[in-house]
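Here's a quick tour of one model, starting with a bit of sheet, moving on to an enclosed space, and ending on a single residue. Have the coordinates open while you read.

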Amino acid sequence: MPVPVLLAGRSVRLEPLAPRHTEALAVAGAEDRTTYAFTPVPHGVQASHEYIDRALADQAAGRSLPFAVVRATDGRVVGSTRFLDLDYWQGPLVWPAVPGVPFGDPATAVPDAAEIGNTWLSPGAQGTGINTEAKLLMLRHAFETWGVRRISLRADARNVRSRAAMERLGFTCEGVRRAHSRGLDGAVRSTAFYSILDEEWPAVRSIIELKLSAGAQRKRRRKTLVPA
């Protein structure tokens with residue numbers, strides 16, 4: 001199973017989610033909850049403690065690899081994200097397939113496919129490039145370290161902002177599964193599915209790196225325009 005790993009960029013660090021993040025995660029989740037219409041976000045210290053416990057239980061079972069999203073400039077926890085639905089395609093073909101079970105030694109197995117999800121950021125971190133760089137770090141690790149064949153994302157079909165962000169980063173929309181599950185608001189939701197394949201990764205990586213570079217240039221220009 002994949003081992004916890006620290007992924008670091010210029011504006012963000014993805015730290016393996018741990019109990020020490022509990023209080024900071026609670027602060028991030030309480031910043032402004034009006035932006036959390038489609039994603040479960042813990043509210044309060046006890047809820048954050050339970051959130052982390054569940055995430056670590058999933059990690060121990062080999063189902064996910066969760067991270068705390070940490071802003072590099074001040075070390076503040078601003079959200080969470082994770083790899084989930086890890087799938088393994090190595091070894092003898094078994095039918096019906098048993099998803100999520102690696103062939104051989106689980107301690108050294110890496111997935112052939114995975115999903116990035118359970119992502120949320122505090123409002124102050126939204127629109128700052130942190131999410132874009134976090135996606136780049138995770139995608140680079142998945143495609144270039146693990147060697148996955150596919151990375152998936154999904155969103156409530158009503159979440160226009162998240163869907164537009166995925167499409168801007170080069171993810172391919174595979175379609176919408178109608179009446180797929182119960183939404184966070186209790187309504188029956190349809191789900192939009194997106195993916196990147198390994199052969200598409202170089203082009204997608206270039207798109208994301210270009211966006212990050214353009215964002216950094218805009219920040220530098222703004223700083224030069226601020227009077228001393």
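In this predicted model, strand β3 runs antiparallel to strand β4 (residues 77-87), and 7 bridges join the two. One pair to look at is Pro66, which stands opposite Arg82 in β4. The hairpin of β3 and β4 has 5 residues between the strands, and Gly75 there takes a positive phi near 70°.

β3 also pairs with strand β2 (residues 12-16), again in an antiparallel arrangement. Here Pro16 has Phe67 in β3 as its bridge partner. The two pairings side by side:

| Strand paired with β3 | Residues | Bridges | Direction |
|---|---|---|---|
| β2 | 12-16 | 5 bridges | antiparallel |
| β4 | 77-87 | 7 bridges | antiparallel |

So how many residues of strand β3 are buried? The count is 8 of the 8 residues (64-71), so the strand is largely enclosed by the rest of the structure. Ser64, Pro66, Ala68 and Val70 point one way, while Leu65, Phe67, Val69 and Arg71 point the other way, and all of them are buried. That puts Arg71 among the buried residues, along with Phe67, the partner of Pro16.

Now for the empty space. Rolling a probe the size of a water molecule over the atoms shows where empty space is left. Searching the whole structure turns up 1 cavity of 30 Å³ or more, and the largest cavity holds about 40 Å³ of space. Its lining is made up of Val69, Thr81, Thr119, Leu121, Ile130, Asn131, Ala134, Lys135 and Met138. Two elements, β5 (113-121) and α3 (130-146), each give two or more residues to that lining. The biggest share comes from α3, with 5 residues. Sorted by class, the lining has 5 nonpolar, 3 polar and 1 charged residues. Val69, one of the lining residues, is also one of the buried residues of β3.

Last stop: Ser152, which sits in strand β6 (residues 150-156). Is Ser152 buried or exposed? Its relative accessibility is 12%, and because buried means under 20%, Ser152 counts as buried. The Ser152 side chain makes a polar contact with the side chain of Arg150, at 3.0 Å. Setting aside neighbours within four places in sequence, Ser152 is in contact with Ala114, Glu115, Ile116, Tyr194 and Ser195.

Note on methods:
Residues are numbered from 1 along each chain as its sequence is written. This is a predicted model: local features need pLDDT of at least 70, side-chain atom pairs count only at pLDDT 80 or more; totals for chains, interfaces and linings use all residues. Side-chain values use heavy atoms; hydrogens and water are left out. Helices (H or I, at least four residues) and strands (E, at least two) are DSSP runs, numbered from the N terminus. Buried means under 20% relative accessible area, exposed over 50%, partly exposed in between (1.4 Å probe, protein chains only). A polar contact is a pair of N or O atoms within 3.5 Å; within protein, one must be able to donate a hydrogen and the other to accept it, and residues adjacent in sequence count only if both atoms are side-chain atoms. Contact means heavy atoms within 4.5 Å. Two strands pair if DSSP finds at least two bridges between them. On a 1 Å grid over the protein atoms alone, a cavity is a set of points where a 1.4 Å probe fits but cannot get out, and a pocket is an open set with protein on both sides within 12 Å along at least five of seven lines; lining residues have an atom within 4 Å of a point. Grid points are joined across faces, edges and corners, and a volume is the space filled by probe spheres set on the points. Ala, Val, Leu, Ile, Met, Phe, Trp, Tyr, Cys and Pro count as nonpolar, Asp, Glu, Lys and Arg as charged, and the others, Gly among them, as polar.
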